[in-house]
Amino acid sequence: MELGWLLWGAAVLLLLLPVLMELSPAVNFALRISFYCLLCVVSSALTAPVCLLVNGGRTVTNMRIIKTVVKTFKYFFGLRFEVKGLENFKVEGPAIIVSNHQSILDMMGLMEVLPDDCVQVGKKELMYTGFVGLIIYLGGVIFINRKSTTSAKMVMAEVAKTMTTENVKVWVYPEGTRNCTGDLLPFKKGAFHLAVQAQVPVIPVVYSSFTTFYNPKKNLFTSGKIKVEVLPPIETKGLTSDDVSDLTDRCFRTMRETLFRLSGRPS
């Protein structure tokens, strides 16, 4: 009898869900975010064994597999990407890629344009997110402890060494945290110190604002279009540590102007 009532309740709930999603933005938002998180966990659990079997362990090469899987997510949420400037990734040797950081949906945008042989720098806490943490680890992500300046500097020094010896690009979010305001937060200088230290170019990548279709404060999560633009590389050859502030400011201004343009917002 209890099983019968349970099945009956589940059936009624399934019938009511579309109505609730239409009537309540909060319900719609919660369900879509829950599905997104579930999709991340399940796909990570299924992809991790493939990465281990194909590539044998932790390597940036696994990102090709991960990227193929994550690029299917957009179809579940009705998201479309319009990408320009991919040719700007075709620089010889290592480079620092910097982009704006808006929400947990950034992973879809990242995988949409991620070049081969590119590692990301992420916060250490991501390591402890179960299967998601495992797949990120297998993809070669470099973890940094943002709470320890000394530790962060040591990690960035290792990143510089890895970048030059293994000839890889490094993807960094210079804002340091998510920012879904439609603007940019001030940039931290770590990525730019790294670029000058290694004498490699900085490649800015800008995603249009998500605020028209995604806003947690307003319980908004619908379908939408994301414009992405890979900007021309900014050379650092000949620059010194004295030039880092100017390099940071230059990159910030260029990316902010591009963000406003892509988002249809007056600068």
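Q: How many salt bridges does this predicted model hold?
A: The count comes to six salt bridges. Let's look at a few of them together.

Q: What makes K74 and E112 a salt bridge?
A: The closest N and O atoms of K74 and E112 are 2.8 Å apart. A salt bridge needs a side-chain nitrogen of Lys or Arg within 4 Å of a carboxyl oxygen of Asp or Glu, so this pair qualifies. K74 lies in helix α4 and E112 in helix α5, so the pair ties together parts that are 38 residues apart in sequence. Are the two residues buried or exposed? Both K74 and E112 are buried.

Q: Why can such side chains pair in the first place?
A: Side chains of opposite charge can pair when their charged atoms come close.

Q: How do you know that K225 and E82 form a salt bridge?
A: Their side chains meet at 3.4 Å, N to O. The cut-off is 4 Å, so the pair counts. K225 lies in strand β9 and E82 in strand β1, so the salt bridge ties together parts that are 143 residues apart in sequence.

Q: Why is K225 called partly exposed?
A: K225 has a relative accessible area of 35%. Buried means under 20% and exposed means over 50%, so a value in between is called partly exposed. E82, at 30% relative accessibility, counts as partly exposed by that reasoning.

Q: What about E229 and R261: which is buried and which is partly exposed?
A: E229 has a relative accessible area of 15%, and under 20% means buried, so E229 is buried. R261 is at 48%, and exposed begins over 50%, so R261 counts as partly exposed. The side chains of E229 and R261 meet in a salt bridge of 3.1 Å, N to O. This pair links distant parts of the chain, with E229 in strand β9 and R261 in helix α9, 32 residues apart.

Q: What joins R64, K67 and D116 into one network?
A: Salt bridges that share partners join these residues.

Now for the aromatic rings.

Q: Why is the pair of F89 and W171 called tilted?
A: The ring centres are 6.5 Å apart and the planes stand at 45 degrees. Stacked needs planes under 30 degrees apart and edge-to-face needs over 60, so this pair is tilted. F89 lies in the loop between β1 and β2 and W171 in strand β5, so the pair ties together parts that are 82 residues apart in sequence. Both F89 and W171 are buried.

Q: What makes the pair of Y214 and F221 edge-to-face?
A: The angle between the planes is 90 degrees, and over 60 counts as edge-to-face, so the name fits. The rings are 5.4 Å apart, centre to centre. Both Y214 and F221 are buried. They also belong to a cluster linked by ring pairs, which includes F29, F35 and Y36.

Q: Where does R32 lie with respect to F221?
A: R32 lies over the face of F221, at 4.6 Å from the ring centre.

Q: Which residues have the most contacts inside the largest nonpolar core?
A: They are F89, L105, M108, W171, V205, Y207 and Y214, in a core of 43 residues. Helix α2 gives the most to this core, with seven residues. A second, separate core of 35 residues includes V155, A160, V172 and V202.

Notes:
Residues numbered from 1 in each chain as written. Predicted model: local features only at pLDDT ≥ 70, side-chain atom pairs only at ≥ 80, totals over all residues. Heavy atoms only, no water. Core = buried A, V, L, I, M, F, W, Y, C linked by side-chain atoms within 4.5 Å. Buried < 20%, exposed > 50% of the residue type's maximum accessible area, 1.4 Å probe, protein only. Helix = DSSP H or I, 4+ residues; strand = E, 2+ residues; numbered from the N terminus. Phe/Tyr/Trp six-rings, centres within 6.5 Å; stacked < 30°, edge-to-face > 60°. Lys NZ or Arg CZ within 6 Å of the ring centre and 35° of its normal.
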